[in-house]
Amino acid sequence: MSSEDIYNKKFSSFSYVEVRKQMDSYRLIKTINGEVVSTTSILDEGYSVRFFNDGSLYFSSSNNPENLGVKPEKIQGWEKGFDDQSPSSGNFRAEEEVPISSKSINEKVEILKNLYQEASSQTLHSKLKSLNLDYMERLEEKDVVINGISFTSYVPRVLLSAVIVMKNERMTINGRFEYGGSGGLEHLREIDLKEKVKALDDLLINGKPVEPGPTNVVVSGNIAGIMAHESVGHPFEADRILGREFAQAGLSYLTFMKGKIGSDAVTVIDEPTIKKSNGYYEIDDEGVKAKEKVLIKEGNINELLHDRFSGYRMDSRSNGSGRASSHSREPLVRMSNTFFKPGKVKFQDLIDVGKGVFIKSYMEWNIDDMRLGQRYVGLEAYEIKHGELGDPLLFPVLEGNTDQILKSVEEVDDSLQFFPGTCGKGDPDQPVPVWLGGPDMLLNYKVRRI
């Protein structure tokens, strides 16, 4: 049964109704040191309806469309009303250069085996203990009707997660690296695990302790991306600021922090419509056309992430940020592709300093529920000496409050790197695909040893 049939048959009388038919199919392949450990296929398919009636919002989901609305769940916190902007219609589709369906499971396994062989066959000075590869392909299909206006979507995604563990007589280290986005198997062309293994080998052999204290710190788009997502994107979710219990995602420093929270070099954007992106969509699950949101503009708080209900409560409008992870979950305010806006200078201009530290990737990160206190432990990291990258450094630690770090950004270069992630939120949990990114950024800050 189509969403339009369900809407016309049962729900067209309410002031706001969204009917969604959603199918998510997954295939997972796991290898350890080139050997297949498991292959799994999952299908999640069903229907949902959310409607506003008599000052209350209700949600219902089922695998059987006849059961929709029989015993709907009443959703607290949105009794005030909703943004009634007209829904968008049409259909959107993520393009696949190399369709996921064009290769068999065995051919995909061979790709993973070749990645392991390339990484492990090079000359190393330390031991590659293990290289675990988790491959996942996901096809997301939606048929949505909002107040009688319909749209459809078809978004395949590919994600590869690599966990590298290396050891010598001095220590054992591990690194996790993720690759992918919407589209097809073309994302696997971009992967160079050989370079990552070599970098960790160099760190084990030549890494030296970092000199703690104030210095010039350059962080890559990898670090900038996790900062953009965790310390800007999450606290800018309007339902989080409103304290809606159902969001179950913690607190936000924006409940008390106003005005300028970063330097003039800091502009943070959330943009769903980037082609090939992991967080790609053109219309959100409330029928609102997706668009760029500028969360921070030249250091100033500029815009929140809104859906129809948070926007109405805060005397604003939805900016197309309502996303649901499956048919059994209602849309929540979510990020898509969140990143620091690039500047105009080159990377060489950032490291053209007498002394500093370049943090290329992270080993771990932590942030509090307020999204204020944060900590990043570098993995691939190098000293900066007179405009050149020098020896690898052992695990420099960058930590502080969000506003302190954002205000310390002096300059950003003209590059823009993205990294896939899966963002969790909600109770029950709603994992949605996102991209995290940014340019390389120069901070006047301090680092310490782990």
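Where is the place of Glu411? In this predicted model, Glu411 sits in strand E23, which covers residues 409–412. At 32% relative accessibility, Glu411 counts as partly exposed, because that label covers values between under 20% (buried) and over 50% (exposed). Glu411 also has acidic company: together with Asp349, Asp352 and Glu410, Glu411 gathers in a patch of negative charge on the surface.

Zooming out from Glu411, strand E23 belongs to an open sheet of seven strands. Read across, the order goes E9-E21-E20-E17-E10-E26-E23, and the pairing is mixed. E23 and strand E9 (208–209) stand at the edges with a single partner strand each, so one side of each has no neighbour in the sheet. For E23, there is an antiparallel pairing with strand E26 (residues 441–447), made over three bridges. One contact to look at here is Val409, whose bridge partner in E26 is Leu443.

Another set of strands is worth a look too. Strand E18 (residues 362–367) and strand E19 (residues 373–378) run antiparallel and are joined by five bridges. Ile367 stands opposite Gln374 in E19. The two strands make a hairpin with five residues between them, and in this hairpin Arg371 takes a positive phi near 65°. E19 also pairs with strand E22 (residues 397–401), again in the antiparallel sense and over five bridges. Within that pairing, Val377 has Val397 of E22 as its bridge partner.

Conventions: Residues are numbered from 1 along each chain as its sequence is written. This is a predicted model: local features need pLDDT of at least 70, side-chain atom pairs count only at pLDDT 80 or more; totals for chains, interfaces and linings use all residues. Side-chain values use heavy atoms; hydrogens and water are left out. Patches are made of residues with over 30% relative accessible area and no salt bridge: like charges are joined within 9 Å, nonpolar side chains (Val, Leu, Ile, Met, Phe, Trp, Tyr) within 5 Å. Accessible areas come from the Shrake-Rupley method with a 1.4 Å probe; for residues, only the protein chains shown count as cover. A salt bridge is a side-chain nitrogen of Lys or Arg within 4 Å of a carboxyl oxygen of Asp or Glu. Lys and Arg count as positive and Asp and Glu as negative; His and the chain ends are not counted. The place of a charge is taken as NZ of Lys, CZ of Arg, CG of Asp or CD of Glu. Helices (H or I, at least four residues) and strands (E, at least two) are DSSP runs, numbered from the N terminus. Buried means under 20% relative accessible area, exposed over 50%, partly exposed in between (1.4 Å probe, protein chains only). Two strands pair if DSSP finds at least two bridges between them.
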